[in-house]
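Please open the model in your viewer and keep the selection tool at hand, since this tour moves from one selection to the next and says what is to be found at each stop.

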Amino acid sequence: MNLNDVEKIRTENPVVVNYANFVTPFLVANGLNAVGASPIMSDEASEADELVKLASAVVINAGAARRDGWPVIEQLCQSANKYHKPLILDPVAVGATEYRRELNFGLLERHQFDIIRGNIGEIAVLAGIEWQTRGIDAGDGDRDASDIVRECAKKFNNVVIASGKVDYISDGNQVTSILNNTRLLPAIVGSGDLLSSISAAFAAISDNNFNAAVTASLVLSCSGELVDQKLNHQNLPGSFLSQLMDQLANISPEEIKAIMKVEEN
């Protein structure tokens, strides 16, 4: 991790192009803006190459992609690889339908993604590990989460984040677990989507995708934990969401260091 990037991102203001899930673009755009990045949402193929050329990173969220949107996704991915911009995949509910498997596995076959971010069930499906998924829910299985993220990262030669109660991050060799958590963060629809895009923003200003992923996870999870403390752990998801944006905009490396819970293996 490089917590100095928490300040660096506010200075460099990286542009992140998002092919977004229509359920969550408001949260993602505001969250990116809060951490110091500049979000652009696009679903127009004719501008994709130009946008990627000026961008710092690209995120593909497959959560609500229609087949007629595939040419846009393909162009964004091709351009990201061509211009060597960090490319991030969020394979929402990849195990739920054949359509989603076709889309996500096809993208992974044709393009090199730098980071994949999903829940543990989605990551297990990509890794080819048996897991009982339930739509966008993580589901359950018998394999250790550290093994799953490590195998997925090896398979696709990239960095993998399995987010949830604990965030597991691997580059195929090392695995870092982030244990900071609040029950309110998963209660916000799109918090995983936001982590995918924040990971892209940190990858844009870092020369190490693994460090970028760990930093992004710490920024979001520690921000959530700090807000939960301010709310005295009350079940106030609306208040939590508004204060989360404030916390993301102001969190410091020192605050993260004071509360972060990190395990390496």
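Select Phe22 to begin: in this predicted model, its relative accessibility is 66%, which lies over the 50% cut-off, and therefore Phe22 counts as exposed. Phe22 sits in the loop that runs between β1 (15–19) and α2 (25–35). If you add Val23 and Val189 to the selection, you have the three residues Phe22, Val23 and Val189 that make a nonpolar surface patch of about 360 Å².

**Met41 and Gly190**

Next, select Met41 and Gly190 together, the positions at which an unreviewed UniProt entry places the feature "binding site". Of these residues, Gly190 is included in the lining of the largest pocket.

Stay on Met41, which belongs to strand β2 (residues 38–41). Is Met41 buried, exposed or partly exposed? Its relative accessibility is 31%, so Met41 counts as partly exposed. To see its surroundings, show Asn18, Ala20, Pro25, Val28 and Ala29, with which Met41 is in contact once its neighbours within four places in sequence are left aside.

Now move to Gly190, in the loop between α8 (184–187) and α9 (191–204). Here the relative accessibility is 13%, and because buried means under 20%, Gly190 counts as buried. When residues up to four places away in sequence are not counted, Gly190 touches Thr24 and Leu27.

**Arg117 and Ser163**

The next selection is Arg117 and Ser163, which UniProt also lists, again in an unreviewed entry, under "binding site". Although these residues are spread over 47 residues of sequence, they cluster in space, with a largest C-alpha distance of 7.2 Å. The lining of the largest pocket includes both Arg117 and Ser163.

Centre the view on Arg117, which you will find in strand β5 (residues 115–118). With a relative accessible area of 5%, Arg117 is buried. Which residues is Arg117 in contact with, leaving aside its neighbours within four places in sequence? They are Leu89, Asp90, Pro91, Ile161, Ser163, Gly192, Asp193, Leu195 and Ser196, so that Ser163, the other position just selected, appears among the contacts of Arg117.

**Leu89**

From Arg117, follow the contact to Leu89, a residue of strand β4 (residues 87–90). The relative accessibility of Leu89 is 0%, and Leu89 therefore counts as buried. Draw a distance from the C-alpha of Leu89 to that of Ile116: the two residues are 27 residues apart in sequence, but 4.8 Å apart in space. Beyond its neighbours within four places in sequence, Leu89 is in contact with Ile60, Asn104, Leu107, Leu108, Phe113, Ile115, Ile116 and Arg117.

**Three salt bridges**

The structure holds ten salt bridges, and the tour visits some of them.

Select Asp68 and Arg66, whose side chains meet in a salt bridge with an N to O distance of 3.7 Å. Asp68 has a relative accessibility of 58% and so counts as exposed, and Arg66, likewise at 58%, counts as exposed.

Then select Arg101 and Glu98, whose side chains meet in a salt bridge at 3.2 Å, N to O. Because Arg101 and Glu98 are three residues apart in helix α5 (residues 98–110), about one helical turn separates them. Arg101 is partly exposed, with a relative accessible area of 29%, whereas Glu98 is exposed, with a relative accessible area of 51%.

For the last stop, select Glu225 and Lys261, which form a salt bridge whose closest N and O atoms are 3.0 Å apart. This pair links distant parts of the chain, 36 residues apart, with Glu225 in helix α10 (residues 209–230) and Lys261 in the loop between α12 (253–259) and β11 (262–264). Is Glu225 buried or exposed? At 11% relative accessibility, Glu225 counts as buried, while Lys261, at 37% relative accessibility, counts as partly exposed.

Technical notes:
Residues numbered from 1 in each chain as written. Predicted model: local features only at pLDDT ≥ 70, side-chain atom pairs only at ≥ 80, totals over all residues. Heavy atoms only, no water. Patch = residues over 30% accessible without salt bridge, like charges linked within 9 Å, V, L, I, M, F, W, Y side chains within 5 Å. Areas by Shrake-Rupley, 256 points an atom, 1.4 Å probe, with all protein chains shown as cover. Salt bridge = Lys/Arg side-chain N within 4 Å of Asp/Glu carboxyl O. Helix = DSSP H or I, 4+ residues; strand = E, 2+ residues; numbered from the N terminus. Buried < 20%, exposed > 50% of the residue type's maximum accessible area, 1.4 Å probe, protein only. UniProt positions renumbered as here; feature names shortened; annotations may be inferred. 1 Å grid on protein atoms, 1.4 Å probe; cavity = no way out; pocket = protein on both sides within 12 Å on 5 of 7 lines; lining within 4 Å. Contact = heavy atoms within 4.5 Å.
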